[in-house]
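Work through the exercises below with the model in view. Try each task before reading its solution.

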Amino acid sequence: MEKEILIHNEIDLKNKIYVIRGVQVMLDSDLAEIYGYETKRFNEQVKNNIERFDDDFRFRLTDEEVEYLRSNFSTTNISSMSRSNPYAFTEQGICMSMTVLRGRTAAVACSA
């Protein structure tokens with residue numbers, strides 16, 4: 001059974017986009033929420049398909065970047081209980097994650 005994509009409204013979505021290292025990104029926890037997964041399960045799916053993710057599709061945030069997001073954005077969805085820093089996904093990484101989780105129809109939507 002395919003999970004439902006959860007996007008409440010455009011403002012909520014825009015609040016999940018950050019500029020890190022000069023690139024617009026979304027965090028793994030936000031993408032997991034949108035796709036209806038737990039963050040851990042979302043990252044497992046990415047890891048199981050890692051050959052599809054070029055190096056510039058995602059990167060792990062540094063401690064300084066995590067602190068910057070926590071202190072400057074009240075909407076940041078970063079768990080203080082996590083033992084590792086979150087991944088940030090670039091636009092290409094977001095499309096690839098959608099392809100991995102949703103299949104071929106998502107790939108067509110990303111290329112449009």
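**Exercise 1. The overall layout**

How many helices and how many strands does the protein chain have? Give their order too.

Solution. The model is a predicted one. Start with the count: the protein chain has six helices and four strands. Next, read from the N terminus: the elements run α-β-β-α-α-β-α-β-α-α. Then look at burial: of the 112 residues in the protein chain, 38% are buried. Finish with the contacts: among those with a separation of 6 or more, 68% are between residues 24 or more positions apart.

**Exercise 2. Two helices that pack**

Describe how helix 2 and helix 3 are oriented and which residues meet.

Solution. Locate the pair: helix 2 spans residues 28–35 and helix 3 spans residues 39–48. Their axes lie 8 Å apart, at an angle of about 95 degrees. Angles of 65 to 115 degrees count as roughly perpendicular. The two helices are therefore roughly perpendicular to each other. Now list the residues. Helix 2 brings Asp28, Ser29, Leu31, Ala32 and Tyr35. Helix 3 answers with Thr39, Phe42 and Asn43. By type, the residues of this contact of helix 2 with helix 3 are four nonpolar, three polar and one charged.

**Exercise 3. The nonpolar cores**

Which residues of the largest nonpolar core touch the most other members?

Solution. This core holds 15 residues. Those that touch the most other members are Leu31, Tyr35, Phe42, Phe53, Phe89 and Ile94. Next, trace the elements: helix 2, helix 3, strand 4 (87–89) and helix 5 (91–102) each give two or more residues to this core. A second, separate core has 10 residues, including Ile20, Leu27, Leu61 and Val66. As background, nonpolar side chains tend to be buried together in soluble globular proteins.

**Exercise 4. Two loop residues**

Is isoleucine 78 buried or exposed? Treat arginine 21 in the same way.

Solution. Isoleucine 78 sits in the loop between helix 4 (63–72) and strand 4. Its relative accessible area is 14%. Buried means under 20%, so isoleucine 78 is buried. Leaving out residues up to four places away in sequence, isoleucine 78 touches Leu27, Val66, Leu69, Arg70 and Pro86. Aspartate 28 is 50 residues from isoleucine 78 in sequence, yet their C-alpha atoms are 9.3 Å apart.

Turn to arginine 21, in the loop between strand 1 (18–20) and strand 2 (23–27). With a relative accessible area of 47%, arginine 21 is partly exposed. Check the backbone as well: phi of arginine 21 is near 55 degrees, a positive value. Most residues other than glycine have a negative phi.

Key: Residues numbered from 1 in each chain as written. Predicted model: local features only at pLDDT ≥ 70, side-chain atom pairs only at ≥ 80, totals over all residues. Heavy atoms only, no water. Axes fitted to C-alpha atoms, helices over the stretch in contact; angles between N-to-C directions. Parallel < 35°, antiparallel > 145°, perpendicular 65-115°, else oblique. Contact = heavy atoms within 4.5 Å. Nonpolar A, V, L, I, M, F, W, Y, C, P; charged D, E, K, R; others polar. Core = buried A, V, L, I, M, F, W, Y, C linked by side-chain atoms within 4.5 Å. Buried < 20%, exposed > 50% of the residue type's maximum accessible area, 1.4 Å probe, protein only.
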